[in-house]
Amino acid sequence: MAPPIAYSLIATDLDGTLLRGDDTLSDRTVDALARVAAAGAQHLVVTGRPAPRVRPLLDDLGSRGLAVCGQGAQLYDAGADRLLWSVTLDRELAETALGKIEAEAGQVYAAVDQDGVDGLTLIEPGYLMPHPTLPAVRVKRRDDLWCEPISKVLLRHPTLSDDELAATARSVVGSLATVTMSGPGTVELQPCGITKATGLALAAEHLGLGPRETIAFGDMPNDIPMFDWAARGVAMANAHPELKAVADEITLSNEDDGIAVVLERLFAGSLVDFAQ
């Protein structure tokens, strides 16, 4: 009889966690995920990227199931290429929040992720994409950012650090939006109350699973709610100190197959059976 699997749901962030810096997965990581799936566990991507920016990566993984996108604002069905659930950020509230942040911190540069499976990432003049491989459309003025429903706003400041900008935003935004920091140069405003944990919980419910069956991997403060929800949270060696402080375990970096190392240990018996 095969031993019981350690966790039934493997929830992983993408950037800085599952993916290497060049947006690829190592052969070791791909093999570990394939073997874990064969043992009966399910892998769920939980990312700040919107659904259109996740679709090619899911294709590379051979995933036709669910993915949590947009910091929890979207539940994407890869097989059907449709959103099962989405929450948009009210554009008037977003403009008001931006005004409050700029009144406190001076000029910021903004971008938005549009809602929908074909939504665009729009960037205003002066905004630099922190992840240059992700496609974006530059608009002529800020007002053009609000032409379609959006899932979130991305912010950059010319002099403040990410931590300083996030702290300033939280101090003035209040209930207008949820403020997150999801990566270098990536401070975001998303619908109030929406986090990776709300998206993960919804996806798990669709899969008939719960927090006790879930292990989560991440690298940034936006992963803290996901760690709070899951039975176990594993931070990467390259993770932000705030996430490391609440993690149950710290593994190797995303460049050093940190996820594969943990999965190989937790699913050792199942992996042996699979190999045989």
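User: How close do the N and O atoms come in the salt bridge between Arg-265 and Glu-249?

Analyst: Arg-265 and Glu-249 pair up in a salt bridge, which takes a side-chain nitrogen of Lys or Arg within 4 Å of a carboxyl oxygen of Asp or Glu. Keep in mind that this is a predicted model: local features need pLDDT of at least 70, side-chain atom pairs count only at pLDDT 80 or more, and totals for chains, interfaces and linings use all residues. Residues are numbered from 1 along each chain as its sequence is written, and side-chain values use heavy atoms, with hydrogens and water left out. For Arg-265 and Glu-249, the closest N and O atoms are apart by 3.0 Å.

User: How many residues apart in sequence are the parts that Arg-265 and Glu-249 tie together?

Analyst: Helices (H or I, at least four residues) and strands (E, at least two) are DSSP runs, numbered from the N terminus. Arg-265 sits in helix H9 (residues 258-266), while Glu-249 is in strand S14 (residues 249-250). So the pair links parts whose separation in sequence, in residues, is 16.

User: Is Glu-249 buried or exposed?

Analyst: The cut-offs are these: buried is under 20% relative accessible area, exposed is over 50%, and partly exposed is in between (1.4 Å probe, protein chains only). Its partner Arg-265, at 43%, is partly exposed. Glu-249 has a relative accessible area of 15%, so it counts as buried.

User: Which residues are joined into one network by salt bridges that share partners?

Analyst: Some salt bridges here have partners in common. Sharing joins them into one network, made of Asp-13, Lys-196 and Asp-223.

User: How many residues apart in sequence are the parts tied together by Asp-13 and Lys-196?

Analyst: The side chains of Asp-13 and Lys-196 form a salt bridge at 2.9 Å, N to O. Asp-13 lies in the loop between strand S1 (9-12) and helix H1 (14-18), and Lys-196 is in helix H6 (residues 196-206), so the separation of the tied parts, in residues, is 183.

User: What is the relative accessibility of Lys-196?

Analyst: Asp-13 is buried, with a relative accessible area of 5%. Lys-196 counts as buried too, because its value is 1%.

User: Which residue forms a salt bridge with Glu-124?

Analyst: Side chains of opposite charge can pair when their charged atoms come close. Glu-124 is buried, at 6% relative accessible area. In its salt bridge, the closest N and O atoms are 2.9 Å apart, and the partner is Arg-142.

User: At roughly what angle do the axes of helix H4 and helix H5 cross?

Analyst: Axes are lines fitted to C-alpha atoms, for helices over the stretch in contact, and angles run from 0 to 180 degrees between N-to-C directions. The axes of H4 (residues 91-105) and H5 (residues 162-173) come within 9 Å, and they cross at roughly 120 degrees.

User: How many nonpolar residues are in the contact of H4 with H5?

Analyst: Contact means heavy atoms within 4.5 Å, and the residues that meet include Ala-97 and Ile-101 in H4 and Leu-165 and Val-172 in H5. Ala, Val, Leu, Ile, Met, Phe, Trp, Tyr, Cys and Pro count as nonpolar, Asp, Glu, Lys and Arg as charged, and the others, Gly among them, as polar. The contact has 1 polar and 2 charged residues, while the nonpolar count is 7.

User: How far apart are the axes of helix H2 and H9?

Analyst: Helix H2 (residues 27-38) packs with H9 at an angle of about 35 degrees. The separation of their axes is 9 Å.
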